[in-house]
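Trainee: Could you take me through one part of this protein up close? I'd like to start with the overall build and then zoom in on the core and the loops beside it.

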Amino acid sequence: MDSTRCRWWTAGAEVGEITTPWGSSAKVVMAQNASIMTWSDTPVATSLDTTTPEKYADGEKVGTITWTAGPNTASADVKISGAIEEPTLWWRLTHPSELGG
């Protein structure tokens, strides 16, 4: 017999890591709780859409994670957990094309 089930994800849960070309990194975590109701055996698909951070600062939003189960969806913002060091002057001088714009 099938039954409904609430699937729950907690704020602060790690969903990935962001790494810079200059070797600094920090965890990417959920910014808020999220939940979705499903039938007990319904598969849940997950997608993560990210953007390049502007400041690489602790708490900066870097995307959204979305879960889909049948017709139901739930989403939560994801953010940087921890500070990412800026590139050194030497790295900037020796890698100008990797800094973008």
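What radius of gyration does the protein chain have, and what would a compact globule of 101 residues have?

Mentor: Sure, and keep in mind as we go that this is a predicted model. The protein chain comes in at 18 Å, whereas a compact globule of 101 residues would be near 13 Å. You can see the outline in the box that the C-alpha atoms fill, roughly 65 × 20 × 15 Å along the principal axes. Inside that box there are 7 strands and 1 helix, and reading along the sequence gives you β-β-β-β-β-β-β-α.

A few whole-chain numbers before we zoom in. Of the 101 residues, 28% are buried. The chain exposes about 6,600 Å², with 51% of that supplied by carbon and sulfur atoms. As for charge, count 7 positive and 12 negative side chains, with the centres of the two sets 4 Å apart. And if you take contacts between residues at least 6 apart in sequence, 54% of them join residues at least 24 apart.

Now the core. In soluble globular proteins, nonpolar side chains tend to be buried together. Here the largest nonpolar core has 16 residues, and the ones with the most contacts inside it are Ile 18, Trp 67, Ala 76 and Ile 84. Strands β3 (25-30), β4 (34-39), β6 (61-69) and β7 (72-81) each put in at least two residues of this core.

Let's stay with Ile 18 for a moment. Skipping residues up to four places away in sequence, Ile 18 touches Ser 24, Ser 25, Ala 26, Val 28, Pro 53, Tyr 56 and Ile 84. Two of those partners, Tyr 56 and Ile 84, turn up again if you look at Thr 20: leaving aside neighbours within four places, they are what Thr 20 is in contact with. Thr 20 sits in the loop between β2 (14-19) and β3. Being in a loop doesn't tell you whether a residue is covered, so check the number: Thr 20 has a relative accessible area of 6%, and because the cut-off for buried is under 20%, Thr 20 counts as buried.

Tyr 56 deserves a look of its own. You'll find Tyr 56 in the loop between β5 (45-50) and β6. Its phi is near 55 degrees, a positive value in a residue other than glycine. Thr 52 is in the loop between β5 and β6 too, but at 63% relative accessibility Thr 52 counts as exposed. Across from there, the C-alpha atoms of Thr 52 and Val 62 are 6.6 Å apart, with their positions 10 residues apart along the chain.

Back to Val 28, another partner of Ile 18. Val 28 belongs to strand β3 and is buried, with a relative accessible area of 8%. Its contact list, again without residues up to four places away, runs through Ala 13, Glu 14, Val 15, Gly 16, Glu 17 and Ile 18, then Val 62, Val 78 and Lys 79. For a sense of distance, Val 28 and Lys 55 are 27 residues apart in sequence and 14 Å apart in space, C-alpha to C-alpha.

Last stop is Gly 12, in the loop between β1 (4-9) and β2. Gly 12 is partly exposed, with a relative accessible area of 48%. Not counting residues up to four places away, Gly 12 touches Val 29 and Met 30. With Val 29 the C-alpha to C-alpha distance is 5.2 Å, for two residues 17 apart in sequence.

Methods: Residues numbered from 1 in each chain as written. Predicted model: local features only at pLDDT ≥ 70, side-chain atom pairs only at ≥ 80, totals over all residues. Heavy atoms only, no water. Helix = DSSP H or I, 4+ residues; strand = E, 2+ residues; numbered from the N terminus. Rg over C-alpha atoms; globule rule 2.2 N^0.38 Å. Buried < 20%, exposed > 50% of the residue type's maximum accessible area, 1.4 Å probe, protein only. Contact = heavy atoms within 4.5 Å. Areas by Shrake-Rupley, 256 points an atom, 1.4 Å probe, with all protein chains shown as cover. Lys, Arg positive; Asp, Glu negative; His and termini not counted. Charge placed at Lys NZ, Arg CZ, Asp CG, Glu CD. Core = buried A, V, L, I, M, F, W, Y, C linked by side-chain atoms within 4.5 Å.
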